[in-house]
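Student: I would like a close look at one residue in this structure, and then at what lies around it and elsewhere in the chain. Please take it slowly and keep it connected.

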Amino acid sequence: MSTTPAVAEKPYLYIDSSGNYNVFVPGDRSNAQGTSWSGGNTAGTSLPISDFYLAHPGDTAATINAALAAGQDLIFTPGVYNLGGTVNVTRADTVVLGLGMATLVSSGGTSAISVADVDGVRIGGLMIDAGTTNSSVLMQVGPSGSSASHAADPTVLSDVFFRIGGATVGKATQTLQINSSNVIGDDLWLWRADHGNGGTVGWTTNTAANGLVVNGANVTMYGLAVEHYQQVQVQWNGNGGKDYFFQSEMPYDPPNQSSWMNGSTNGYPSIAVASSVTSFQAYGLGTYCYFSTNSGVSSANAYTSPNVSGVGWHDMVDVSLGGVGTISHIINGTGGTVNSGNTVADLTTYP
């Protein structure tokens, strides 16, 4: 495609000519091409640093929520935050910006961040770690059943990364759940760890079923990476979805085929589009397997979706890394097999 349908750059901290700190929030762009500053200054809004609560490690979710409820935006300064609860973003157009890979750790089975079904929230530059007690959802954008349109002022997630295990024994059933409509994701990495500190990684240790679950309508993803989850990596249930670039590794560590079955089907796809979906488009996708614990494990498909005119897949590739493990088909029983005898298969379009 020659243009980007809807996108917005991540907010950033800067110092103005008077030596004052501010945060610049770039404006939304539609049908855009190239950089936002190629034709002059980037459109957007500058917010004074006084608008922001400057969080530091040791601050709890309660302290942060009090600042948000008072109408402040939020900057997480560098460090690790053991929150002791959920950060609740309830005000439209709130800016939440992490500096220096600020890391939020869930605790007690809570979500790390919950966003209300409101317009224009901007969240960027964060690492979110699962805690040792299983969270049903690690981050939720919009409560279940959200239905409002945010087409005129979408929520944007930029450079937001998630870990399940690796740093600690993390557990979360779903990592990122998007229920709001018109959400944009730009450079998201969702990772169930396949290596890390001793004792933090294992098939029954850092458990996580799904990476991304999209229930909202008209959600758009750019640069999406989802890796090593134990069931479907990305479950897409909302209509009007679009994904531009997708990278996924299936879990390395199923101990045997019987441990990794989707009913009577071998393994799970990296993206499963629900049978109820009538409109979805994906461009530039790569799925890889490396079943290092048991190379006899296989997945029936890299992707599954309804075969309808409004659903389209473009430029897909599967790889068996080193020929260790098998993906039988690219999508819906179509496309070549990758295994020890044929490590790469591609498919230009489907259906």
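Tutor: Leaving aside neighbours within four places in sequence, serine 320 is in contact with Cys289, Gly325, Val338, Asn339 and Thr343. Keep in mind that this is a predicted model. Serine 320 belongs to strand β26, which covers residues 311-320. Buried or exposed, which word fits serine 320? Serine 320 counts as buried because its relative accessible area is 1%, and the cut-off for buried is under 20%.

The side chain of serine 320 also has polar partners. A polar atom of this side chain lies 2.7 Å from the backbone oxygen of glycine 325. The side chain of serine 320 also reaches the backbone nitrogen of valine 324, at 3.3 Å. Glycine 325 therefore appears twice: in the list of contacts and as the owner of a backbone oxygen that lies 2.7 Å from a side-chain polar atom of the buried serine 320.

Another serine can be read in the same steps. Serine 111 sits in the loop between β10 (95-105) and β11 (113-115). Its relative accessibility is 17%, so serine 111 counts as buried. A polar atom of the side chain of serine 111 is 2.6 Å from the backbone oxygen of valine 137. Valine 137 is also one of the residues in contact with serine 111, along with Gly85, Thr86 and Leu138, when neighbours within four places in sequence are left aside.

Now the nonpolar interior. The largest nonpolar core has 74 residues, and Phe76, Ile113, Ile123, Leu176, Tyr303 and Trp313 are the members that touch the most others. Take isoleucine 123 from that group. Not counting residues up to four places away in sequence, isoleucine 123 touches Val96, Ile113, Val115, Met139, Val156, Leu157, Ser158 and Val160. There is also a second, separate core of seven residues, among them Val25, Leu47, Phe52 and Val95.

Three of those names, Val25, Leu47 and Val95, come back in the lining of the largest pocket. The rest of that lining is Pro26, Gly27, Asp28, Gly44, Thr45, Asp93, Gly120, Arg122 and Asp153. The space in the largest pocket is about 180 Å³. Which strands each supply at least two residues of its lining? They are β3 (21-26) and β5 (44-48). The largest share, three residues, comes from β5. Sorted by class, the lining has four nonpolar, four polar and four charged residues.

Valine 95 leads on to leucine 68. The two are 27 residues apart in sequence, and their C-alpha atoms are 10.0 Å apart in space. Leucine 68 lies in helix α1, residues 61-69. With a relative accessibility of 6%, leucine 68 counts as buried. Apart from residues up to four places away in sequence, leucine 68 touches Leu74, Val87, Asn88, Val89, Arg91 and Thr94.

Next come some residues with greater access to the outside. Asparagine 20 is in the loop between β2 (12-15) and β3. It counts as partly exposed because its relative accessibility is 42%. Leaving aside neighbours within four places in sequence, asparagine 20 is in contact with Tyr14 and Ile15. The C-alpha atoms of asparagine 20 and glycine 296 are 60 Å apart, with their positions 276 residues apart along the chain. Glycine 198 is in the loop between β16 (184-192) and β17 (210-214). Its relative accessible area is 78%, so glycine 198 is exposed. Glycine 198 and valine 344 are 146 residues apart in sequence, and 33 Å separates their C-alpha atoms.

Last, the backbone. Asparagine 31, in strand β4 (residues 29-32), has a phi near 50 degrees, a positive value in a residue other than glycine. Asparagine 31 is exposed, with a relative accessible area of 57%. Asparagine 218 also has a positive phi, near 55 degrees. Asparagine 218 lies in the loop between β17 and β18 (220-227) and counts as partly exposed at 41% relative accessibility. Tyrosine 350 and proline 351 are joined by a cis peptide bond, with omega about -5 degrees. Proline 351 is in the segment after β28 (344-350).

Methods:
Residues numbered from 1 in each chain as written. Predicted model: local features only at pLDDT ≥ 70, side-chain atom pairs only at ≥ 80, totals over all residues. Heavy atoms only, no water. 1 Å grid on protein atoms, 1.4 Å probe; cavity = no way out; pocket = protein on both sides within 12 Å on 5 of 7 lines; lining within 4 Å. Points joined across faces, edges and corners; volume = space filled by probe spheres on them. Helix = DSSP H or I, 4+ residues; strand = E, 2+ residues; numbered from the N terminus. Nonpolar A, V, L, I, M, F, W, Y, C, P; charged D, E, K, R; others polar. Core = buried A, V, L, I, M, F, W, Y, C linked by side-chain atoms within 4.5 Å. Buried < 20%, exposed > 50% of the residue type's maximum accessible area, 1.4 Å probe, protein only. Contact = heavy atoms within 4.5 Å. Polar contact = N/O pair within 3.5 Å; in protein donor to acceptor, adjacent residues only side chain to side chain.
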